[in-house]
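Me: I'd like to learn how to read a model like this one, feature by feature. Can you walk me through it?

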Amino acid sequence: MAMPQTDENVVQAFEAKPENAVSARNITKTYDKVEALRDLSLDFPKGQLTSLLGPSGCGKTTLLKIIAGLLEPTSGEVEVNGHKVTGPGPDRAFVFQDFALLPWASVLRNVAFGLELRRVAKSEREGIAEKYIRDVGLSGFEKNFPHELSGGMRQRVGLARALAVDSDVLLMDEPFSAVDEQTRRKFQEDLLGLIQHENKTFIFVTHSIEEAVYVSDQVAILLPRPSRVSEIIRPSSFRNKGVSNIRRDPEYLDIVDRIWASLRSYVE
Amino acid sequence: MTVFGVRLPGMSSLILWGLLWELVGRSGFSFFVPPLSEVVTTLFAVIGTPAFLNALGQTAYAFFMGVLAAIVIGIPVGIMMGKNRLLDELLLPWVNIFLSAPLTALVPVLMVLFGFGMRAIIITTTLFAIWIIILNARAGVMQINRSLIDMARSFGATPLDAFFKVYCWAALPEILGGVRIGIIRAVKGVIIGQLLISIVGFGALFELYSNNFMMGHFWAVLIVLFAMAFTISELLAHLERRVSYYAAKR
């Protein structure tokens, strides 16, 4: 959904910077005495997919939850479309690693649940939900329950639920890590289509280097203890070569190698 | 169970125990154990009498009011305890004490506080049932998948929405389990109340029959009571099984 042009956006255009949907500024997060994030700043360009990549314990999920408004930073702030984040809001939708579906509700009600919480009338929200169930390829499963679906199908439900509320920003917390390898590849291809067709900003947490390079416009590499952004990589050449050519593109392979070289010393 | 290739229906073993009872009764082993056949005959004779129906009505009333109070108070309190750390710290010791306390010893205190009537009996019933209902609702809420709560919050659930649309349902298998055990304890509570506080309902019948050595009548009423408690408990177990499909996947 196109945002109306505001004066602020015009100014940014003059400065020739990419417009940012989300910016995190000087985020520090401390749990008791452990510093999870220290003074982390990162911008997320509008309409693009930025992935947060790093070894386990590098605070990437913490950062995502701070952006979602589910966690409060110890200091620093997050802005979404120029507004400071104080809690969860309708401008962001979350896709969970373990799907987080209501086990007692049908696929239809699960997908419509975000709208149900926003007091959208039943017939209207079910109409919207049916559209997104079709979009993610689950037509015919509206009446099924989550326990009757495979892991991959459950995550499609989670994705449809996040799309149904039509937020500007989609926050995805290792969304494909709990599904099998083949399903994951299909998901990654579908995600590229989604980025092109839905004008949304994606923030994608993953621990898979290949996945991050494959789906991202921008890869932010986080290093742990305390975590900070060590590098931002923007793949340039293979983005528009088609889903099946990316994995053998020289730049793709180079970037994967380069990231592995910088991360390997952090892996026990 | 299968015996000699024939599948036996559930609870067939009761027939065997019934036979044993009959034999012991006929052997004249004890005056207190009349043959089962005699008890069953008495049972059908007693069931239609005004005295029995009156006792049934009074007992059922006290039982249902007591259980209703235990459920209506117990479930929300348990859910709140599971959600709120402070409330949990404040109430949990008391819940645990009352769960294991010999509540029968408290009945005289209740009589002083609430009089000798129906009210005290209902409160006794509630006191027998409520603690396990609270504990189970609490346990149900505490094991809710963290990301389900994050999900509700991130999609903008108000606290009330989260309570009715997520917490209640996610804890439902445990809540039903608690209600089932609570109801079994409530049967105990209502009879103890009727025996100790005021001699009404089934309590009065037990008192009457045992004092007059009408053992056939005594056992007949006891069987009716057991059967009722068992039926209610099975009904709830059936409900529990219907929601158990998601108990493992929250």
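Reply: Sure, and keep in mind that this is a predicted model. Let's start where the chains meet: 15 residues of chain B are in contact with 16 residues of chain A.

Me: Which elements give two or more residues to the side of chain B that touches chain A?

Reply: Those are helix 7 (146–154) and helix 8 (159–170) of chain B. Helix 7 of chain B supplies the largest share, six residues. By type, that side of chain B has seven nonpolar, five charged and three polar residues.

Me: Okay, now helix packing. How do I describe two packed helices?

Reply: You give the angle between their axes and the distance between the axes. Here, take helix 6 (residues 118–142) and helix 9 (residues 172–196) of chain B: they pack at about 160°, with axes 7 Å apart. Angles over 145 degrees count as roughly antiparallel, so that's what helix 6 of chain B is to helix 9 of chain B. Their crossing is right-handed, and the residues of the contact divide into 19 nonpolar, 10 polar and three charged.

Me: And the sheet in chain A: what is the order of its strands?

Reply: Chain A has an open sheet of four strands, ordered 2-1-4-5 with antiparallel pairing. Strand 2 (34–45) and strand 5 (83–84) of chain A are the edges, each pairing on one side only.

Me: How many bridges join strand 1 to strand 4 of chain A?

Reply: Five, between residues 20–31 and residues 75–80 of chain A. For one bridge partner, go to A:Ser23, which is matched with A:Glu79 in strand 4 of chain A.

Me: What lies across strand 1, strand 2 and strand 4 of chain A?

Reply: Helix 2 (residues 60–68) of chain A does, running at about 120° to strand 1 of chain A.

Conventions
Residues are numbered from 1 along each chain as its sequence is written. Chains are lettered from A and ligands numbered from 1 in the order in which they are written. This is a predicted model: local features need pLDDT of at least 70, side-chain atom pairs count only at pLDDT 80 or more; totals for chains, interfaces and linings use all residues. Two residues are in contact if their C-beta atoms, placed from the backbone, lie within 7 Å. Ala, Val, Leu, Ile, Met, Phe, Trp, Tyr, Cys and Pro count as nonpolar, Asp, Glu, Lys and Arg as charged, and the others, Gly among them, as polar. Two strands pair if DSSP finds at least two bridges between them. Axes are lines fitted to C-alpha atoms, for helices over the stretch in contact, and angles run from 0 to 180 degrees between N-to-C directions. Angles under 35 degrees count as roughly parallel, over 145 as roughly antiparallel, 65 to 115 as roughly perpendicular and the rest as oblique. A crossing is left-handed if the near helix is turned anticlockwise from the far one by less than a right angle, and right-handed if clockwise.
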